[in-house]
Every structure is written in C-alpha cells, then in structure tokens.
Amino acid sequence: MASGLSARLREIVEAIPLRPGMRVLEIGCGPGAAARAIAARIGDGHVLGIDRSAVAIRQALTASWAEVESGRLSFRQAAVEDFTLESGEQPYDLALAVRVGVLDGRHPQAELRAHHHLAAALAPGAKLYLDGGTPLREIRLRTE
C-alpha cells in the first residue's frame with residue numbers, strides 16, 4: 001500500500017473492490033494520496049482524480065508525476081455536479097468519494113445533478129462508494 005496515507009484513507013482504499021485493469025474515478029481527490037494508492041493496486045488500469053479546487057489539482061499533479069507520466073493516473077479540475085467525460089473518454093467502472101459535501105445529503109439539488117453526471121460517466125453496473133460506512137457505503141445513483 002502506498003505510504004503517506006492516513007489510517008482512515010488506507011482503510012477506505014483497502015475496502016474498495018478493486019481489480020486489475022479497472023477505470024476508477026475519485027471524486028474530491030484533494031492532493032491525490034488515495035488516487036495514487038488506488039493506481040498502485042489496479043495494474044494497467046486508470047484512475048482519474050477530480051476536485052473542484054485548482055490548488056488541490058496542482059498539489060496532486062506535483063505529488064503524482066511518476067503515475068501521471070506512466071498513464072495510470074490523471075487529474076482534472078471539475079466539480080462532480082458538472083463533471084462530464086471528455087470526447088473519446090471511456091466510462092469508469094467504479095467511483096469513490098471521501099468527504100464530498102455535495103454527495104452527503106445537505107445539498108439535494110446539487111446532489112441530484114451530481115448523480116445525473118455520474119450516471120453518464122460510469123459504465124453500466126458501476127458502483128459508487130462513499131465514506132461513512134464501515135468504512136464505505138455503496139450508493140445507488142438517483143436520476144429522478
């Protein structure tokens with residue numbers, strides 16, 4: 001497991017049902033510690049970390065240059081409620097969000113918009129996991 005992870009993040013990353021070759025979307029990636037740990041566990045898969053903060057994305061890129069150069073990891077500044085796949089970008093097999101306010105029930109309109117955007121960005125049967133379970137909970141996307 002990648003060093004630099006807090007015990008809480010390590011527990012979350014270890015709980016995600018990852019497999020080699022997966023495409024994983026990390027929502028609210030911050031400086032990228034969990035994204036790097038996930039990338040290390042999925043072999044030739046790919047992780048995209050998104051965050052609404054330009055500062056967080058700069059930090060993630062700086063700390064993750066080797067993984068980014070290898071093509072296993074990328075970062076994009078985007079809010080989940082506005083996130084869309086780029087032209088030719090393949091959908092993701094799994095999404096993870098840790099401490100993402102727009103997905104915690106306090107902002108229902110933005111949360112519904114986020115669910116719509118995630119439904120379009122995730123492959124059929126893809127799972128969305130949020131922190132707050134033991135240590136994760138699977139969330140069913142709402143689009144109505």
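Strand β1 is mostly covered: five of its five residues are buried. The model is a predicted one. Arg23, Leu25 and Ile27 lie on one face of β1, Val24 and Glu26 on the other, and all are buried. That split follows a general pattern. In a regular strand, side chains alternate between the two faces of the sheet.

## The sheet

Where does β1 sit in the sheet? Six strands form an open sheet, in the order β3-β2-β1-β4-β5-β6. The pairing is mixed. β3 (73–77) and β6 (136–139) stand at the edges. Each has a single partner strand, so one side of each is left without a neighbour in the sheet. From one strand to the next, the twist averages 25 degrees.

Strands of a sheet pair through backbone hydrogen bonds, parallel or antiparallel. Three pairings can be followed here in detail. β1 (residues 23–27) and β4 (residues 92–97) run parallel and are joined by four bridges. β1 and β2 also pair in the parallel sense, over five bridges. β2 and β3 run parallel too, with five bridges between them.

The table lists individual partners from these pairings.

| Residue | Partner | Partner strand |
|---|---|---|
| Valine 24 | Leucine 94 | β4 |
| Leucine 25 | Alanine 95 | β4 |
| Glutamate 26 | Glycine 49 | β2 |
| Isoleucine 27 | Isoleucine 50 | β2 |
| Aspartate 51 | Glutamine 77 | β3 |

## Strand β2 and its crossover

Is β2 enclosed or open? Six of the six residues of β2 (residues 46–51) are buried, so the strand is largely enclosed by the rest of the structure. His46, Leu48 and Ile50 point one way. Val47, Gly49 and Asp51 point the other way. All of them are buried. The chain reaches β2 from β1 by way of α2, and this β-α-β crossover is right-handed.

## Two nonpolar cores

In soluble globular proteins, nonpolar side chains tend to be buried together. Here the largest nonpolar core has 26 residues. Which of them have the most contacts inside it? They are Val24, Ile38, Val47 and Leu96. Elements that each supply at least two residues of this core are α1 (7–15), α2 (33–41), α3 (54–63), β3 and β4. The largest share, six residues, comes from α2.

Valine 47 shows how these parts meet. Leaving aside neighbours within four places in sequence, valine 47 is in contact with Val24, Ala35, Ile38, Ala39, Ile42, Arg72, Leu73 and Ser74.

A second, separate core has 21 residues. Leu48, Tyr92, Ala95 and Leu130 are among them. Val47 and Leu48 point opposite ways from β2. Val47 belongs to the largest core, and Leu48 to the second.

## Serine 74

Serine 74 lies in β3, one of the edge strands. Is serine 74 buried, partly exposed or exposed? It is partly exposed, with a relative accessible area of 23%. The cut-off for buried is under 20%. Apart from neighbours within four places in sequence, serine 74 is in contact with His46, Val47, Leu48 and Gly49. Its side chain makes a polar contact with the side chain of histidine 46 (2.8 Å). Histidine 46 itself is buried.

How far is serine 74 from leucine 136? The two are 62 residues apart in sequence and 23 Å apart in space, C-alpha to C-alpha.

## Glutamate 81

Glutamate 81 is placed in the loop between β3 and β4. Is this residue buried or exposed? Glutamate 81 is buried, with a relative accessible area of 8%. Its side chain makes a polar contact with the side chain of arginine 52 (2.8 Å). Not counting residues up to four places away in sequence, glutamate 81 touches Arg52, Val102, Ala110, Arg113, Ala114 and His117.

Methods. Residues are numbered from 1 along each chain as its sequence is written. This is a predicted model: local features need pLDDT of at least 70, side-chain atom pairs count only at pLDDT 80 or more; totals for chains, interfaces and linings use all residues. Side-chain values use heavy atoms; hydrogens and water are left out. Two strands pair if DSSP finds at least two bridges between them. Axes are lines fitted to C-alpha atoms, for helices over the stretch in contact, and angles run from 0 to 180 degrees between N-to-C directions. A nonpolar core is a set of buried Ala, Val, Leu, Ile, Met, Phe, Trp, Tyr and Cys residues joined through side-chain atoms within 4.5 Å. Buried means under 20% relative accessible area, exposed over 50%, partly exposed in between (1.4 Å probe, protein chains only). Contact means heavy atoms within 4.5 Å. A crossover is right-handed if, with the strands pointing away from the viewer, the path from the first strand over the helix to the second runs clockwise. A polar contact is a pair of N or O atoms within 3.5 Å; within protein, one must be able to donate a hydrogen and the other to accept it, and residues adjacent in sequence count only if both atoms are side-chain atoms.
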